[in-house]
Amino acid sequence: MSDPIGTMPTVRTTCPYCGVGCGILATPDGAGGATVAGDPGHPSNVGRLCSKGAALGETLGLATRLLHPVVDGARTSWSTALDAVATRLTDVIARHGRESVAFYLSGQLLTEDYYVANKLAKGFIGTPHVDTNSRLCMASSVAGHRRSFGADVVPGSYEDLEQADLVVLVGSNAAWCHPVLFQRIAAARRSRGTRVIAIDPRRTATAEEADAHLAVAPGQDTVLFAHLLTQIADSAVLDRAFVAAHTTGFDETLARAREIAPSLAATAARTGLAESEVRDFVRAWCATERVVTVWSQGVNQSAQGTDKVTSIVACHLATGRIGRPGMGPLSFTGQPNAMGGREVGGLANMLAAHMGFSAVEVDRVRRFWTAPAMVTGEGLKAVDLFDAVADGRIRALWVMGTNPAVSLPRADAVRDALGRLDLLVVSDNVASNDTLSAGIGAAGIHIRLPAAAWGEKDGTVTNSERRISRQRPFLRLAGEAKPDWWILSRVAERLGHGVAFAWTSPAAIFREHAALSGFENDGARAFDISGLDDLDDAGYDALAPVQWPVRRGTRDGTARLFGDGGFVTADRRARFVPAAAPGLASAASPRFPLRLNTGRVRDQWHTMTRTGLSPRLGAHRPEPFVEVHPDDIARCGLRDGGFARAETAHGSAVLRVVATEIVRPGEIFAPIHWTAETSSYGRVGPLVQGATDPHSGQPEAKATPATLVPVPMRLAGFALSTAPLALPVGLWWARIAVAGGFAWTLAGDGPLAALVAAATALFPGCDRAELRDPARDVFRLAAFDDGRLAGALFVGPAAQVPRWETLAPLLGGPVASAARLSLLSGRAPDGSADCGPVVCACHSVGREAILAAIAAGADDASAIGAAVKAGTNCGSCIPELKRLLAEVPRVAA
Ligand SMILES: Nc1nc2c(c(=O)[nH]1)N[C@H]1C(S)=C(S)[C@@H](COP(=O)(O)OP(=O)(O)OC[C@H]3O[C@@H](n4cnc5c(=O)[nH]c(N)nc54)[C@H](O)[C@@H]3O)O[C@H]1N2
Ligand SMILES: Nc1nc2c(c(=O)[nH]1)N[C@H]1C(S)=C(S)[C@@H](COP(=O)(O)OP(=O)(O)OC[C@H]3O[C@@H](n4cnc5c(=O)[nH]c(N)nc54)[C@H](O)[C@@H]3O)O[C@H]1N2
Ligand code: SF4
Ligand SMILES: [Mo]
């Protein structure tokens, strides 16, 4: 393909962020960058992109990349680094046994990389301790699918969202986390009147857009769906024929449901909903044959996640509403290749190609691989795995494509544990993150391997609807970076397994993976892509997005499964599984009376190693915050816009307080994105408890008992800099990217004089213009390098400091000498004022411009779009535009 100008070829690839799996057209600019656009030919997004996908071009720079191997702090060649990995692994195995080695992988690896890691560990090194961040993400869905269907199968397709008359979103903030699918649902709502119901304790952007929002009490979804099952059973929508022909376990499950939800009143009481809300939900669900029930982390990341999944699935089985157009249970997967990882057996309790650990399956995989050290049972799951790192059972750990020092529960303990390993190998794209920093300085021996990043990677990913798409390279490998599969294979070679790891391309790995899926598969395994095992390299390069299974003898995929039964259990029947009655999740204690819920914001991806590079994306939510209900604001003595220390039994963080009725009283919400790289006190992972679901081992990340303590901050301010700044210890700061550098919001309570003194070390070699007014607690500094604004530091009494947005556009640009002092006034030299926080990331439209448009008569989101372009690209900010529309009369009054 060629772009319209014909300079560089445009490459069809796939977005590296969420599990929607949008197709992307990337056109390299010849200078290491690229422009990206949605691929109109990709069935998952048909040309759409969300704010994160649209900003991918801003994340391709090399400034933060790891560009060469590093062993024990020193740059080395690849051969030295690979030798070091192999000899040290061999040494650890000699001293502590094979099972002292572990791998911690990621749903952001390509299927081919994942396949190789799993083969090396489970077949050749002989350790079962291979788990992945999907344990924190999808494990409850995997366990739920396997319990219900006999295999980890998503029965439906995205098309079902458009063909449904009712879409129920349970614990899914799709408007922010799966925006393109949410836009597809919104389009169906407009075109065919599809009703949308959101079930979430928080009034999220998704809930605001829905026709109904059920603010369910945390952890009580099982009660609601148990009640729904009893009402289905007592009505004509029960599909007796389907239940009789294709399922087992209905009677026991129904009996248990009646115990869990004995009446409407009991259901309402347990779920915290009004009886009318429950009744309306049941009516809508029962009355609508074409219903899709979607779920995500509000279901999975729960001490009862697997039961939540099977309770939802049970309602679809009981009505036979599965595997047919417009209906079915649909798990939205988080990461771009969460599904691919599940397919190759990246989870500690799975073997490759959806096989488990029965003797027959173990033997089958052993023979296929000709594996000398085949494991015979399950390994440790993520939370237990890191406990084993902490207590020395695991001595060598290879982390690939994930940042566990941030994202695991009890993350401070995880970070400490990493420093105790005999060998920590980290393959990553970035030179620095909290995990890479963890082993340094401690006894731990540390090897960092530069992995190929998006744009360079070459392989496949599988999205939420089982669709396998190609990620194709459109940039040269950065520095000495290498694909993960290559790194693993070269280590395998050094461990004496060269023959089994002799691939020279991802196509060859894919063919082997596809062949294994069909190996001795008489239909008993749903994951079968053996139809693709003879793709030649050109065919692999050209592979169009396709939904598995792709059975032998065909290249065609499968949109839906189970419409006529045919489940993947031995008797071909689905299982109804009785749920355990949910406890009243982590009952409040006097010490920790609140419940901490954690999750995502619209424009950041996880630990911000990539989205954190984009100025457009940083502006929407520039600081780590905690949402608190006004009742709790009063109860805890907090102030909206002030600071609070969130504390749990495991850790603490200091966060900006946002007073809001989005959260229910007694519940607080904090985003997961900030790290030690991007904030001084904003790491939320350390607060989260390590409690896990008994079936899936997935940690409960949404309900940790917590408390909030006010943190006084007399001073507030910001810093700007073209280069990273080492800010004084003790200061509260949070960093985002802005054009040409970084911006920090600052807060502190110490003496101004100490800060002024510390500031002398900032901006070395620059000319400085300063404004000091100690009596008023004011200090302002602007630094110039060769006449250009190199940075600034503005501190003053809280609430009186200009916003960084005013000065940020000047960063790196020339400032005339005469303008330097006026710059310290906090107004841009052209007199332009603060445009307020960015609301529309795609077009960088600030709040003030939107309020001005509303004041000038724009009375709906499309009128705002016509006036100032906000909301006209990806649409993710439309819920926020609506909120501003609703607020303005109050503002004006
Ligand atoms: N912008 C953005 N998008 C992303 C990501 C990102 O980092 N940023 N990450 C991707 C990944 S890996 C994932 S896993 C997905 C996650 O996507 P989502 O699951 O949609 O996102 P979360 O914010 O983790 O949590 C969803 C909701 O669960 C709710 N919840 C908490 N407890 C309960 C409960 O007991 N019951 C119910 N019904 N709801 C509850 C929370 O209030 C929250 O609004 O997003 C993907 N997309
Ligand atoms: N409290 C709380 N904790 C959570 C969650 C929550 O909702 N609440 N959500 C959980 C969920 S669902 C998830 S998915 C996790 C996500 O948590 P993590 O996986 O820890 O977060 P990421 O920032 O995505 O880390 C990915 C890392 O891999 C690197 N990387 C990206 N691509 C590649 C590649 O191809 N190869 C290599 N070698 N490296 C690569 C990136 O630079 C980055 O450092 O967080 C989990 N933790
Ligand atoms: S919805 Fe956004 S983040 Fe997810 S795949 Fe599509 S463009 Fe990427
Ligand atoms: Mo995830």
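Okay, the seven-stranded sheet. In this predicted model, seven strands make an open sheet in the order β5-β4-β16-β15-β14-β6-β7, and the pairing is mixed. At the edges you have β5, residues 74–75, and β7, residues 130–132; each has a single partner strand, so one side of each is left without a neighbour in the sheet.

Let's zoom in on one pair. β15, residues 423–428, and β16, residues 446–450, run parallel and share five bridges. If you want to find the register on screen, look for D428, whose bridge partner in β16 is P450.

Now, which helices pack on that sheet? One is α2, residues 78–96, which touches β4, β6, β14, β15 and β16, with its direction at about 135° to that of β16. Then there's α22, residues 484–497, lying across β6, β14, β15 and β16 and running at about 155° to β14.

While we're at this sheet, have a look at the loop between β4 and β5, where D72 sits. Its phi is near 50°, so to speak a positive value in a residue other than glycine. Most residues other than glycine have a negative phi. As for exposure, D72 is partly exposed, at a relative accessible area of 45%.

Stepping back to the whole chain for a second. The division gives domain 1 (3–59), domain 2 (70–135 + 337–459 + 472–499), domain 3 (139–331), domain 4 (594–711), domain 5 (715–824) and domain 6 (838–892). Between the C-alpha centres of domain 5 and domain 6 there are 30 Å. There's also a record for the N-terminal part: an unreviewed UniProt entry annotates residues 8–64 as "domain: 4Fe-4S Mo/W bis-MGD-type". In the model, that span is 7% helix and 26% strand, and its end C-alpha atoms lie 25 Å apart.

Next up, helix α9, residues 221–233. Quick sanity check on its geometry: at 1.5 Å a residue, its 13 residues should span 18 Å, and the end C-alpha atoms are 18 Å apart, which agrees. Is α9 enclosed or open? Twelve of its 13 residues are buried, so the helix is largely enclosed by the rest of the structure.

Take T222 as one example from α9. T222 is buried, with a relative accessible area of 0%. Beyond its neighbours within four places in sequence, T222 contacts Q304, D307, K308, S311, A579, A580 and P582.

Then a strand pair: β12, residues 291–295, and β13 are parallel, with four bridges. V294 stands opposite L330 in β13. In β13 itself, residues 328–331, G328 and L330 point one way, P329 and S331 the other, and all are buried. That fits the usual picture, where side chains in a regular strand alternate between the two faces of the sheet.

Last sheet: three strands, open, antiparallel, in the order β17-β18-β19. β17 (459–462) and β19 (546–547) are the edge strands, each pairing on one side only. Four bridges hold the antiparallel pair of β17 and β18, the latter being residues 467–471, and T462 has I468 as its bridge partner in β18.

And two backbone oddities to finish, both in the loop between β19 and β20. P549 is in that loop, and the peptide bond from W548 to P549 is cis, with omega near -5°. R572 is found there too, with a positive phi near 65° and 36% relative accessibility, which counts as partly exposed.

Key
Residues are numbered from 1 along each chain as its sequence is written. Chains are lettered from A and ligands numbered from 1 in the order in which they are written. This is a predicted model: local features need pLDDT of at least 70, side-chain atom pairs count only at pLDDT 80 or more; totals for chains, interfaces and linings use all residues. Side-chain values use heavy atoms; hydrogens and water are left out. UniProt positions are given in the numbering used here, feature names are shortened, and annotations may be inferred rather than shown by experiment. The expected span of a helix is 1.5 Å times one less than its number of residues. Buried means under 20% relative accessible area, exposed over 50%, partly exposed in between (1.4 Å probe, protein chains only). Two strands pair if DSSP finds at least two bridges between them. Contact means heavy atoms within 4.5 Å. Axes are lines fitted to C-alpha atoms, for helices over the stretch in contact, and angles run from 0 to 180 degrees between N-to-C directions. Domain bounds come from an automatic or database domain assignment.
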